[in-house]
Amino acid sequence: MPELPEVETICRALAPRLEGRRLLEAEFFERRVLEGPPARVAARLRGQTVRTLRRHGKHLLVEFDSGSLLAIHLGMTGHLHWGGEPGPHTRAVLTFDNGRVLYDDPRMFGRLELCEQLPRRIARLGPEPLHIPAAEFVERLHARRGAIKPLLLNQTFLRGLGNIYTDEALFRAGIHPRAIAARLAPDRARKLHRAIRQVLNAAIASGGTTISDYVDTEGQPGGFQFQLQVYGRTGEPCPRCAAPIRRIVIAQRGTHFCPQCQRR
DNA sequence: ATCGGTACCTGCACGC
DNA sequence: TGCGTGCAGGTACCGA
């Protein structure tokens, strides 16, 4: 499911509910999604009060008054629900003094980690795509010799882009997914920077993208799937030039683009 | 640095 | 109906 706009949507919904609230009980039903022994993590969490909720790339960070952090990554199929009943894929339940959060994750690619400070793995990720200035983006881009698509998916380059928004941003910028990053002319690199911002902001405004199963914390689907121009539209006409959208595989990921509008 | 491959998991759509 | 196949929003790790 979740790339930056989906995690942002979840964060905005949960922050007002959780900030200032006390965590009464943490239950973990699947140790694979948890860093550390469930009983020990639960004991450390019990009684803590939430100071803030924030997003860091695709991670959701719950910061407690003690300074401890609960870092949540939803993987491919992780969901957070406010309230509701646990189901077959519920891997954790966090009970607060005003309600509970269910963590569901069928494929269990997601991770929950309780730590005293941001783990290095997360801290060393690249800048936020919505914060990085154009000049810095272009400079970082020009330092890389690989193809642009795998680079945008690389979280140490920028944190938060996934397969959907990468394809959409490249389409809007008119750049071929196999184009070499370092060889992009500065104006085209700046255009890509703009396209990334536009796509992410539009997706956040729509509450994210629902392809098959993403829903927000209230169980509502997002709306950005209706604004996708290439992702998942193999064979359909390009909205700009009507050429059939093509699907290829780059870095093991399905990649959608218009062969006419995105020339090498 | 970069690339390709594999691995981790389950569920779903599809063709036969 | 049942079964095999391929695909899926993510990331880590390996060797080349």
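## DNA strand C surface and the α4/α7 packing

Sorted by class, the surface near DNA strand C has 7 nonpolar, 8 polar and 7 charged residues. The model is predicted. There are 22 residues around DNA strand C, and the ones that come nearest are Thr209, Ser212, Tyr231, Arg247 and Arg253. On the DNA side, sugar or phosphate accounts for 52% of the atoms of DNA strand C within 4 Å of the protein, and bases account for the rest.

Polar side-chain atoms of three residues lie by phosphate oxygens of DNA strand C, at the distances listed here.

| Residue | Partner in DNA strand C | Distance |
|---|---|---|
| Lys58 (side-chain N or O atom) | phosphate oxygen | 2.8 Å |
| Arg247 (polar side-chain atom) | phosphate oxygen | 2.7 Å |
| Arg253 (polar side-chain atom) | phosphate oxygen | 2.5 Å |

Arg247 and Arg253 are also among the residues that come nearest to DNA strand C.

Within the protein, helix α4, residues 134-142, packs against helix α7, residues 186-205. The angle between them is about 115°, and the axes are 9 Å apart. The crossing of these two helices is right-handed. On the α4 side, the contact is made by Ala134, Phe137, Val138, Leu141 and His142. Helix α7 contributes Pro186, Ala189, Arg190, Leu192, His193 and Ile196. By class, this contact of α4 with α7 has 8 nonpolar, 2 polar and 1 charged residues.

Notes:
Residues numbered from 1 in each chain as written. Chains lettered and ligands numbered in written order. Predicted model: local features only at pLDDT ≥ 70, side-chain atom pairs only at ≥ 80, totals over all residues. Heavy atoms only, no water. Near = heavy atom within 4 Å. Polar contact = N/O pair within 3.5 Å; in protein donor to acceptor, adjacent residues only side chain to side chain. Nonpolar A, V, L, I, M, F, W, Y, C, P; charged D, E, K, R; others polar. Axes fitted to C-alpha atoms, helices over the stretch in contact; angles between N-to-C directions. Helix = DSSP H or I, 4+ residues; strand = E, 2+ residues; numbered from the N terminus. Left-handed = near helix turned anticlockwise from the far one by under 90°. Contact = heavy atoms within 4.5 Å.
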